[in-house]
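Trainee: I have a new model open on my screen and would like to walk through it with you. Could we go step by step?

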Amino acid sequence: MMIISSGPRGLLMAVVSAVAALVPFYSAHAEMSAWADNEGGRMRLVALAPDAGGKIRAALQIEPKPGWITYWKEPGNSGIPPQVTIAAESGVTLDAIAYPVPKHFFNGAIEDIAYDAPVTLPLSLTAAGKGPVTIDAAAFIGICKDICIPFQANLQLKLGPAIQSHPQEEAILQAADARLPKPPSQDFDVTAHAMSPDRKTLSLDLVLPGEGKAAPDIIVTGPSGYAFTKQIGGKRDGATFKVDVSIGKLPKDYDMAGKQWSVLVIDGERAMETTLALE
């Protein structure tokens, strides 16, 4: 089980968070904001003008420096997930954040689910009205090497008319979409799942795209702040795989009936993400 916790790195984040909050606005009259810089890396906002329905394709670009990592949506033992907040007065709302396939990192007892290279998080936004759009976004991420540093920046972006062509921004957004895990397919899916009566293990039956011998990497995300990765007794038979995933301590009085958890399965070069309906 992995829970966002107040371990040594979490404590450091709390101590220096006030410093991180002092990072000023970074703005640009274009479809890319200026880069906001930090000791461990940099980040910026990229967006295209709203379509006829007010939908905006956007992304948060994060570039950790060599040797540094930044986190996935459920980060591991003591990391923090990326957070993006759009100022209400801008008339723009954040509908969803998507996450490219992460990596697993182990350092003793510390387990991280993160990125150690530049990563772009696709953002789905909606503009309330017509006319020019200014996005005021506050981005907050954790970025770590030997220590973890909270990285907060306010990114402002003024979008031009939709009739203009923006090939660089389009290329950035398309590349980000290509790195997202795919939805289930006939050759890559969770075909059955069941929680044990004591809620200690989640049994999964999967069909996998290859016929290798190695177990896939499986990340089950449950309540916010919880991720489960420990496999028990996995057995791969060609394209099929049966395994139990250990479920540790859940929140007190947590009622899983009717809840939907997510599972990310990484098998070689392919990754699939789907939801699990619990009874």
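Here is our conversation about this predicted model.

Trainee: Let's begin with confidence: what is the mean pLDDT of the chain?
Mentor: Good place to start, since pLDDT is the predictor's own confidence in each residue, from 0 to 100. Of the residues here, 87% reach 70 or more. The chain as a whole has a mean pLDDT of 86.

Trainee: And over which residues is the pLDDT below 50?
Mentor: Look at the start of the chain and be careful with what you read there. That stretch has 77 contacts in the model beyond near neighbours in sequence, yet the pLDDT is below 50 over residues 1-29.

Trainee: How many helices and strands are there in the chain?
Mentor: The chain has 279 residues, and 49% of them count as buried. Among contacts between residues at least 6 apart in sequence, 67% join residues at least 24 apart. As for the elements, the chain contains two helices and 21 strands.

Trainee: Which strands stand at the edges of the five-stranded open sheet?
Mentor: The order of that sheet is 3-4-5-11-8, with antiparallel pairing, and the twist averages 25° from one strand to the next. An edge strand here has a single partner, so one side of it is left without a neighbour in the sheet. That describes strand 3 (36-38) and strand 8 (92-97).

Trainee: Inside that sheet, which residue is the bridge partner of Gly-41?
Mentor: Strand 4 and strand 5 run antiparallel and are joined by seven bridges. Gly-41 belongs to strand 4 (41-47), and its partner in strand 5 is Pro-64.

Trainee: At what angle does helix 2 run to strand 5?
Mentor: Find residues 167-178, which make up helix 2. This helix lies across strand 4, strand 5 and strand 11. Relative to strand 5, helix 2 runs at about 75°.

Trainee: How many residues are in the largest nonpolar core?
Mentor: Several strands give two or more residues to this core, including strand 5 (55-64), strand 11 (119-127) and strand 12 (133-144). Those with the most contacts inside it are Met-43, Ile-56, Leu-60, Val-92, Leu-125 and Ile-135. Leu-125, for instance, touches Ile-56, Val-92 and Ile-135, among others. The core has 38 residues.

Trainee: And how many residues does the second, separate core have?
Mentor: Try selecting Leu-202, Val-245, Met-272 and Leu-278, which are included in it. This second core comes to 24 residues.

Trainee: Which strands are the edges of the four-stranded open sheet?
Mentor: Its order is 14-15-19-18 and its pairing is antiparallel. The twist averages 15° from one strand to the next. With a single partner strand each, the edges are strand 14 (189-195) and strand 18 (231-237).

Trainee: Which residue in strand 19 is the bridge partner of Ser-203, and which is the partner of Ile-232?
Mentor: Strand 15 and strand 19 pair over seven bridges, while five bridges join strand 18 to strand 19. Both of your residues lead to one place in strand 19: Ser-203 bridges to it, and Ile-232 does too. The partner in each case is Asp-244.

Trainee: Is the disulfide of Cys-144 and Cys-148 right-handed or left-handed?
Mentor: The two sulfur atoms are 1.7 Å apart, within the 2.5 Å cut-off for a disulfide. Both Cys-144 and Cys-148 are buried. The torsion about the S-S bond is about 110°, so the disulfide is right-handed.

Trainee: Is Asp-253 buried or exposed?
Mentor: Asp-253 lies in the loop between strand 19 and strand 20, and has a positive phi of about 60° although it is not a glycine. Most residues other than glycine have a negative phi. The relative accessible area of Asp-253 is 73%, over the 50% limit, so Asp-253 is exposed.

Trainee: Last one: what separates the C-alpha atoms of Val-101 and Leu-264?
Mentor: Val-101 is found in the loop between strand 8 and strand 9 (103-107), and is partly exposed at 22% relative accessible area. Among the residues that Val-101 touches are Tyr-115, Leu-180 and Ile-266. Val-101 and Leu-264 are 163 residues apart along the chain, and their C-alpha atoms are separated by 8.5 Å.

Conventions
Residues are numbered from 1 along each chain as its sequence is written. This is a predicted model: local features need pLDDT of at least 70, side-chain atom pairs count only at pLDDT 80 or more; totals for chains, interfaces and linings use all residues. Side-chain values use heavy atoms; hydrogens and water are left out. A nonpolar core is a set of buried Ala, Val, Leu, Ile, Met, Phe, Trp, Tyr and Cys residues joined through side-chain atoms within 4.5 Å. Buried means under 20% relative accessible area, exposed over 50%, partly exposed in between (1.4 Å probe, protein chains only). Contact means heavy atoms within 4.5 Å. Two strands pair if DSSP finds at least two bridges between them. Axes are lines fitted to C-alpha atoms, for helices over the stretch in contact, and angles run from 0 to 180 degrees between N-to-C directions. Lists of a residue's contacts leave out its neighbours within four places in sequence.
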